Amino acid sequence: MSRVLVIGCGGVASVAIQKCCQASEVFQELCIASRTKAKCDSLAEKLSKKTKTRITTAQVDADDVQQVIHLINDYKPDLVMNIALPYQDLTIMDACLACKVNYMDTANYEPEDTDAPEWRAVYEKRCQEKGFSAYFDYSWQWNYREKFEKAGLTALLGCGFDPGVTQAYCAYALKHEFDTIDTIDILDCNGGDHGYPFATNFNPEVNLREVSAPGSYWENGHWVEIPPMSIRREYDFDSVGKKDMYLLHHEEIESLAENIPDVQRIRFFMTFGQSYLTHMKCLENVGMLSTTPVLFEGKEIVPIKFLKALLPDPATLGERTHGKTNIGCIFTGKKDGRKKIYSIYNVCDHQECYQEVGSQAISYTTGVPAMCGALMLLSGKWNMTGVHTVEEFDPDPFLEALCQYGLPYRENHSPEIVD
């Protein structure tokens, strides 16, 4: 019998939980916990008559390690699925170590307060040593490697789509299509339209930080950093069409550079419309993307948190979002001494996702891989102790599960490459 604790009840968590309930033979008991227990209760009630999974709920402040420890000790899960905010990764990892339980998440750690002196000192040292200045990186969680190994536990990091599935695609390409990989381009295209002048498809704090930061890519053994949104390419995406995409920093580049032998270059591109970029630049110029508190009418507020309260909740976008996503990887390399190009990707329809689980495709493409990663850990198909990213595991059973639960892959053996 498998018992799983899910921390988080937003758009991505809702998808992951519903998908867990479709595999009740594995996910036999599930506890949904978040700061707002009423959201957990509402989802549990919705699912209670549709699944054999036994669902309970709990209230927890995931910023408080003692609260998380108390909840884990009380529920005694086999796995903790952290689908809360990346700010809370370390707190939940600490709790899992204290309670001797396996851990997984969908995005790597970043701090809520980027002005905190202790974090800032480590960050500035990392910027000098590695050469990129994004607020998020794997170093904080990789520091837990020895602790998880000694405890005989597994921590699976970044098991969403990107990071997550894109890394499994890389492992699959290296296992089945190439002897050596020279270049990897990860392309994330959202061709959906929700009708709002401006909205983000996942947590606005995380999304806007990521997009407004300097871009960076890995080339010939080192990082190259560029001004935000300064490299643009147009690409013709299968089932979506031509879209402008921009080079961003993204966390899977960091782990792939470490785990894919001899790779010469890794880049990440994401599509954006001009309206989105114009709104974002305006908000940035007036200080609304800042994480530094300001005094307003006698109270401290964080501008980006206030902006989050004003923007549409990503979890509510499903009904009004139409179109498709296309996310995947393009590789160049060699097989049997010959040069080769290959791509593997997924196309996902926003309205099909909404009809199935009430979400748009961005939440769906993150929630389904989270469930499939949990399935790999609970079934023993992935069983390395320590702290690991997705590309370190066998990609085959994971991709099979993705196909089964709604994210089948497509392949192209002569794709257009990105110049």
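## A guided tour from helix 14 to the largest cavity

Select Thr365, which is found in helix 14 (residues 361–379); helices (H or I, at least four residues) and strands (E, at least two) are DSSP runs numbered from the N terminus. The model is predicted, so local features need pLDDT of at least 70 and side-chain atom pairs pLDDT 80 or more, whereas totals for chains, interfaces and linings use all residues. Residues are numbered from 1 along each chain as its sequence is written, and side-chain values use heavy atoms, without hydrogens or water.

Thr365 has a relative accessibility of 2% and therefore counts as buried (buried is under 20% relative accessible area, exposed over 50%, partly exposed in between, with a 1.4 Å probe and protein chains only). Add Ala16 to the selection: its C-alpha atom is separated from that of Thr365 by 9.7 Å, although these positions lie 349 residues apart along the chain.

**Helix 4 and its end**

Move next to helix 4 (residues 89–99). Nine of its 11 residues are buried, so the rest of the structure largely encloses this helix. The buried set consists of Asp89, Leu90, Thr91, Ile92, Met93, Ala95, Cys96, Leu97 and Cys99. Continue to Lys100, which follows helix 4 and has a positive phi near 60°.

**Backbone exceptions**

Most residues other than glycine have a negative phi, and most peptide bonds are trans. Three further stops depart from this pattern.

- Select Lys76, in the loop between helix 3 (65–75) and strand 4 (79–82). Its phi is positive, near 55°, and with a relative accessible area of 61% Lys76 is exposed.
- Select Ser239, in the loop between strand 10 (232–237) and strand 11 (241–247). Its phi is positive at about 70°, and at 39% relative accessibility Ser239 counts as partly exposed.
- Select Asp162 and Pro163. The peptide bond from Asp162 to Pro163 is cis, with omega near 10°, and Pro163 belongs to the loop between strand 6 (154–157) and helix 8 (165–176).

**Aromatic pairs around helix 5**

Display the side chains of Phe, Tyr and Trp. Across the whole structure, 17 aromatic pairs are found; rings (the six-membered one for Trp) pair if their centres lie within 6.5 Å, as stacked with planes under 30 degrees apart, edge-to-face over 60 and tilted for the rest. Which geometry does the pair of Tyr123 and Tyr135 have? It is tilted, at 5.5 Å centre to centre with 55° between the planes. Tyr123 is in helix 5 (residues 117–130), while Tyr135 is in the loop between helix 5 and helix 6 (139–142), 12 residues apart, and the pair links these distant parts of the chain. The two rings can be compared by accessibility: Tyr123 counts as buried at 7%, and Tyr135 as partly exposed at 28%.

Now select Phe132 and Trp223, which also form a tilted pair, at 4.5 Å centre to centre and 55° between the planes. Phe132 lies in the loop between helix 5 and helix 6 and Trp223 in strand 9 (residues 222–226), so this pair ties together parts that are 91 residues apart in sequence. Phe132 is buried, with a relative accessible area of 1%, and Trp223 counts as buried at 10%.

Return to Tyr123 and add Trp119: ring pairs link Trp119, Tyr123 and Tyr135 into a cluster.

**Helix 12**

Select helix 12 (residues 303–310), where Pro303, Ile304 and Leu307 are buried. Look down its axis: the buried residues fall within an arc of 95°, so they line one face of the helix (the arc is that of the directions from the helix axis to the C-beta atoms).

**The second largest pocket and the largest cavity**

Go back to Tyr135. Tyr135, Arg209, Ser212, Ala213 and Leu289 lie nearest the centre of the second largest pocket, which is lined by 17 residues. Colour helix 9 (residues 204–212) as well; it supplies the largest share of this lining, three residues. On a 1 Å grid over the protein atoms alone, a pocket is an open set of points with protein on both sides within 12 Å along at least five of seven lines, a cavity is a set where a 1.4 Å probe fits but cannot get out, and lining residues have an atom within 4 Å of a point.

For the last stop, select Glu110, Ala134, Tyr135, Phe136, Val206, Arg209, Glu210 and Ala213, which line the largest cavity. Tyr135, Arg209 and Ala213 thus appear in this lining and among the residues nearest the centre of the second largest pocket.
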